[in-house]
Amino acid sequence: MTQLRIPRLAVGLAALSIITAACTATESNSSEPLPAPTATASGTVTFWHFFTGREAEAIKQVVNDFEASHPGVTVKVSSGQDDEKMRQAIAAGKGPDVGLSYSTDIVGNFCSTGAWRDLQPYIDRDQVDLNQLVPVVRAYTEYQGVRCSMPVLADTYGLYYNKKLLADAGYTAPPKTTSELTEMAKKLTRFKANGDIDVIGFMPNLDYYENSPAHWAPHWDAHWFNDDGKSALATDPAWQEMLTWQKQLVDFYTHQKLTKFSAGKGDEFSAANDFERGKVAMMLDGEWRIAFITADKANIDYGTAPFPAADDKSDLYGGGYVSGNITGISKGAKNPEAGWELIKYLTTDTGAIVKLANGIKNVPTTTEALASPDLEVDDNFRTFLDIFAHPGSATSPSTKAGAEYQNLFGTWLVKWQTGRAGDLTAGLEGVAKQIDDSLALAGP
Amino acid sequence: MTTIAPPAVSVPAATRRPARTPAPLRRKRRKHRLFVLALMAPWLLGFCIFFVYPLMATVWFSFTRYNLLSPPEFIGLRNYTFFFTSDPYGLQSVRNTLWLVIFVVPIRILFALLIAQLVIRIKRGGSVFRTIYYLPALAPPVAATLAFCYLFNPATGPVNQALAKLGIGGQPLWFSDPALAKPTLLILSVWGLGDVMVILLAVLLQVPVEQYEAAQLDGANVLQRFRYVTLPFISPVLWFAAVTGVIQMLQFFTQAAVASSVASGVAPVGGGLGERLGYPDNAMLTFPIWLYSKGFASFQLGYACAMAVMLFAVSLAFTVVLLRKSRVFVYGAEEA
């Protein structure tokens, strides 16, 4: 009897594997032959994006223009959809025809798993000139030679400063180096009678609003990975330099006071934002804040500038972190042809790009749109166009495990800020190992 | 040569082959069985589709690398070994969950018993107090947690403002402090103890009054009456509360996920929930949260399945051990 059990178990497991395999996903279906280039797109396209409120309305207007110029196509738009939800829906075969994500971090995962189709056959067929895309944008929208996404405007990050608060403290210009930033941050900070922070010069916590290691990294020229694909957190001295600077400022304020100040912060994407309320003198943020400040009718006199560079890397001043919104066709899309038409319109039509860029104050991604006279550019917005064009600007790399490497680092940074992480070198070595292990688990 | 005859083996009556049942009776029995099976079929079908198949599939996927989109790739025990050797937060999530089991379960039961004992003694308006203490259990976990996040906000919450008015400086950071995040979850759990209180209330009302009277006549004081009359009588219900409490804590997700998400203060732009769970410093990273995070934020479904299998095994072991130990703690269980 015992001898019989093992084959039975094996047969059972084999049957189970066949049953489960039958119910799981198959390989990407991107190899289907495409229709002839003359084919006219028609039917309904489902389109998911993450925007809400005012920004969703701006997207809707551009989609309306698309429908007007493509009479046979109807677009069903769903706003406020996040990446996790979209990924789960695609896996369940219920994904949208076209998805729009806020982050380039997902490109590696979406391209390598086939969650978004390879767009190259469509690009080749319709002879779309990818050279019209700015090089950094072209790079972050593909992964290991697979182009599964196209850019829908870009985001760049810079320094916002409150002119009145700076003037009151005797400053006429924003800081250009991290030392200047430290000095000004201390002088601009006001404490309450009980010692709590009332107005902060610069918030050094790396989990506050848009503060994050990815957004700070270009200003120290810190790199995430070595050439061999292993984490560079422990081997690139720029990370240590960045975190040592940050911790000194944290210790000046004390972690207790920063956490309390941070706990009372207003919602980032509302009029309660700390900068818009005058509670923060200087802050790292994306170019979209300009539109929020206008829409929220915030009563502040502000300016924008590139974020300060590390003291010993002044040549980096003027650059910054670059990312952007990306769009692609889902695996299992019911109307990929019309979906591609929508993507082509959103990402290559100069009129559409400029209209959307003016609407949500994002940076256009094609050379023609950047040079368009219709693009509304004031002094504050020009700062971000300059950052976008700066050779020192950089983005974060794509991996098969998405932004897992950033999440692992971010989790450790919370411990670092509280002062419980111990030795910095050992800590960074530990996180680097975690990242390498995690990427190994995700597969080659 | 002497040969020894083998002893005669007598077959016990019970092991003898029974007499063949007559065919009509067999047919009737088979018909009866089929009828029962037909009645049970809908349940059996649901059980197989919604329990057996997912369970078996989970076990199978736990031996694979699977991201929901590509076909699963068999990798043997690698997911399991990764958990014990390389997972940066796997063991921390286990420690957090065990903390909740060890502290939340007994403290909830203790407070529920205390409140039930007090409420039962109120002669007039007792039902009002019962309702008041039970009401928090009806609050949806997400809403209740959001309310607590507001109450315990370090900067603007009424709790810290009250502490400040009392002249207490250096107010706690509650959900934002790695050392206090779990104790604050404990306060939230104790606040919502109405479900345990109500079953203890029901069993306390059934304790025979004569036994108290007899104990009182024998000179037993209040504590002795509780120890020798109340406790033995309610012990099965206490044990039930402990077993279900442990299972609940092993699956603890919603409150910790909401509290960590709110306390982190990161705006939910478009990345999803996964990136904010566990804040601060993974103090609120329970095992189910880490499982969710790996499965649906990192899309390592094979790994998440391995964690689910381990959770299932641990829950089962906890339940079996608790039920076996009930003989020691539950009055009358040994005889039963």
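This is a short tour of a predicted two-chain contact, a pair of domains and a pair of helices, with something to select at each stop.

Before you click: residues are numbered from 1 along each chain as its sequence is written, and chains are lettered from A, with ligands numbered from 1, in the order in which they are written. Since the model is predicted, local features need pLDDT of at least 70 and side-chain atom pairs count only at pLDDT 80 or more, while totals for chains, interfaces and linings use all residues.

**Stop 1: chain B**

Select chain B and show it as a cartoon. You'll find 13 helices and two strands (DSSP runs, H or I of at least four residues for helices and E of at least two for strands, numbered from the N terminus). Of its 336 residues, 33% are buried, meaning 20 or more other C-beta atoms lie within 10 Å of a residue's own, with C-beta atoms placed from the backbone.

**Stop 2: two helices in chain B**

Now pick H4(B), residues 126-138, and H8(B), residues 194-204. Their axes are 7 Å apart, at an angle of about 135 degrees (lines fitted to C-alpha atoms over the stretch in contact, with angles from 0 to 180 degrees between N-to-C directions). The two are therefore oblique to each other; that label covers whatever is left after under 35 degrees (roughly parallel), over 145 (roughly antiparallel) and 65 to 115 (roughly perpendicular).

Show side chains: B:Tyr133, B:Tyr134 and B:Leu135 are among the H4(B) residues here, and those they meet in H8(B) include B:Met197, B:Val198 and B:Leu201. Contact means C-beta atoms, placed from the backbone, within 7 Å. By class, the meeting has eight nonpolar, one polar and two charged residues (Ala, Val, Leu, Ile, Met, Phe, Trp, Tyr, Cys and Pro are nonpolar; Asp, Glu, Lys and Arg charged; the others, Gly among them, polar).

**Stop 3: where the chains touch**

Bring chain A back. The contact takes 43 residues from chain B and 49 from chain A. On the chain B side, colour H1 (23-61) and H12 (287-297), the elements giving two or more residues. H1(B) gives the most, with four. That side has 24 nonpolar, 16 polar and three charged residues.

**Stop 4: the domains of chain A**

Colour 43-155 + 322-389 as domain 1 and 156-221 + 236-320 as domain 2; the bounds come from an automatic or database domain assignment. Their C-alpha centres lie 30 Å apart, and each domain gives 15 residues to the contact. On the domain 1 side, look for strand S4 (150-162) and helix H16 (379-389). H16(A) gives the most, with seven residues.

Notes:
A residue is buried if 20 or more other C-beta atoms lie within 10 Å of its own, exposed if 12 or fewer, and partly exposed in between; C-beta atoms are placed from the backbone.
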